[in-house]
Amino acid sequence: AGRHNVLIFGPPGGGKTMAAQRIPSIQPPMTREESLEVTRIHSLAGLLPTDSGLIRERPFRAPHHSASLEGMIGGGRTLSPGEISLAHCGTLFLGEAPEFRRNILQSMREPMEEGRVAIVRAGRRYWFPSDFQLVMAANPCPCGNLGRDDKICLCGRDELFRYWRRLGGALLDRIDIRFPLAPPGIEAAGVSAGTGAAMRERIAAAAEIQRRRWGAGPAWNARIPPARLKYVCVLTADLEDILKNAAAGLRLSSRGVVSVLKTARTIADLGGAARIGKDHLYEALQYRRYGDGDFLWSAD
């Protein structure tokens, strides 16, 4: 609902990829301006079929972890947009994220912040739009058994640190929502958490709240300008104390604190609340509690 970057981690079989692949089905429709931008990018990349018209659905790109730097960021002899631009106004999904090359993962930091990627060729500077939502999935360890009750993890501490350090602290700091996903038991088979249509309605309502807040065009909570943060994410004195104590306990960076505020604002919008409440703040902190203090996570 707020276009926040997400990391899903847990043992194989928990449904990380399946959950990510369902994101397009609950996304609000694109505006005409977004459709025009997305259609131009795909046309420039040679991916637009003849007489196809405007692209109406938000893109969902899921490159393999063997992708090259040019394939992800853009460039090449013909200077084509990469996956991060093809995911503009949509979702970029990196399955098995720690398996991607470190230079690829780190090269996405600036586009995530600026919403565009700059490419320099022969003394000339080009840029492509790249305002995407990053969704990453990862096993908790190289063998995938960490956190499982029915199996034993044989990975050493050094292996675990090397595995998670591939993401890098700078990239991880830009991930607003991190949550574990354990394989469901047999008793969970057939249990529904609600329909996609109902989810899409709630998300569309939250997106409309954000549009009204900013005036023209969609301005997602994940993109709230720093100068506007104190006006949009207002906290009472009690909530400010809670946030300060939690930030110290979780060892959050300044960007991490801002991330919690933006996520709390989205949770409040989903509930139709005018102000951020205690429950909204606690839930946002829960999403942020993994990864800032230690790479050794468990799916508990």
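**Exercise 1. Work out why the sulfur of cysteine 143 makes no bond to the one in cysteine 141.**

Step 1: grab the cut-off. A disulfide is a pair of cysteine sulfur atoms within 2.5 Å.

Step 2: check the distance. The closest cysteine sulfur to that of cysteine 143 sits in cysteine 141, 3.5 Å away, and that's too far for a bond.

Step 3: count. With this rule you end up with 0 disulfides. Cysteine 141 is in none, its nearest cysteine sulfur being that of cysteine 143 at 3.5 Å.

A quick word on the ground rules: this is a predicted model, where local features need pLDDT of at least 70 and side-chain atom pairs count only at pLDDT 80 or more, while totals for chains, interfaces and linings use all residues. Residues are numbered from 1 along each chain as its sequence is written, and side-chain values use heavy atoms, with hydrogens and water left out.

**Exercise 2. Sort cysteine 141 and cysteine 143 into buried, partly exposed or exposed.**

Step 1: set the bins. Buried means under 20% relative accessible area, exposed over 50%, partly exposed in between (1.4 Å probe, protein chains only).

Step 2: drop them in. Cysteine 141 has 1% relative accessibility, so it's buried. Cysteine 143 has 35%, so it goes down as partly exposed.

**Exercise 3. Describe how strands S6 and S7 pair.**

Step 1: find them. Strands (E, at least two residues) and helices (H or I, at least four) are DSSP runs, numbered from the N terminus. S6 covers residues 116-121 and S7 covers 124-129.

Step 2: test the pairing, which takes at least two DSSP bridges between the strands. Here there are 6, in the antiparallel sense. Valine 120, for one, stands opposite arginine 125 in S7.

Step 3: look at the turn. S6 and S7 form a hairpin with 2 residues between them, and alanine 122 in the turn has a positive phi of about 55°.

**Exercise 4. Place serine 259 and list what it touches.**

Step 1: locate it. Serine 259 belongs to helix H12, residues 254-270. Its relative accessible area is 2%, so it's buried.

Step 2: list contacts (heavy atoms within 4.5 Å). Skipping residues up to four places away in sequence, serine 259 touches Ile175, Asp176 and Arg288.

Step 3: look for a polar contact (N or O atoms within 3.5 Å; within protein, one able to donate a hydrogen and the other to accept it, with sequence-adjacent residues counting only if both atoms are side-chain atoms). The side chains of serine 259 and arginine 288 make one, at 3.0 Å.
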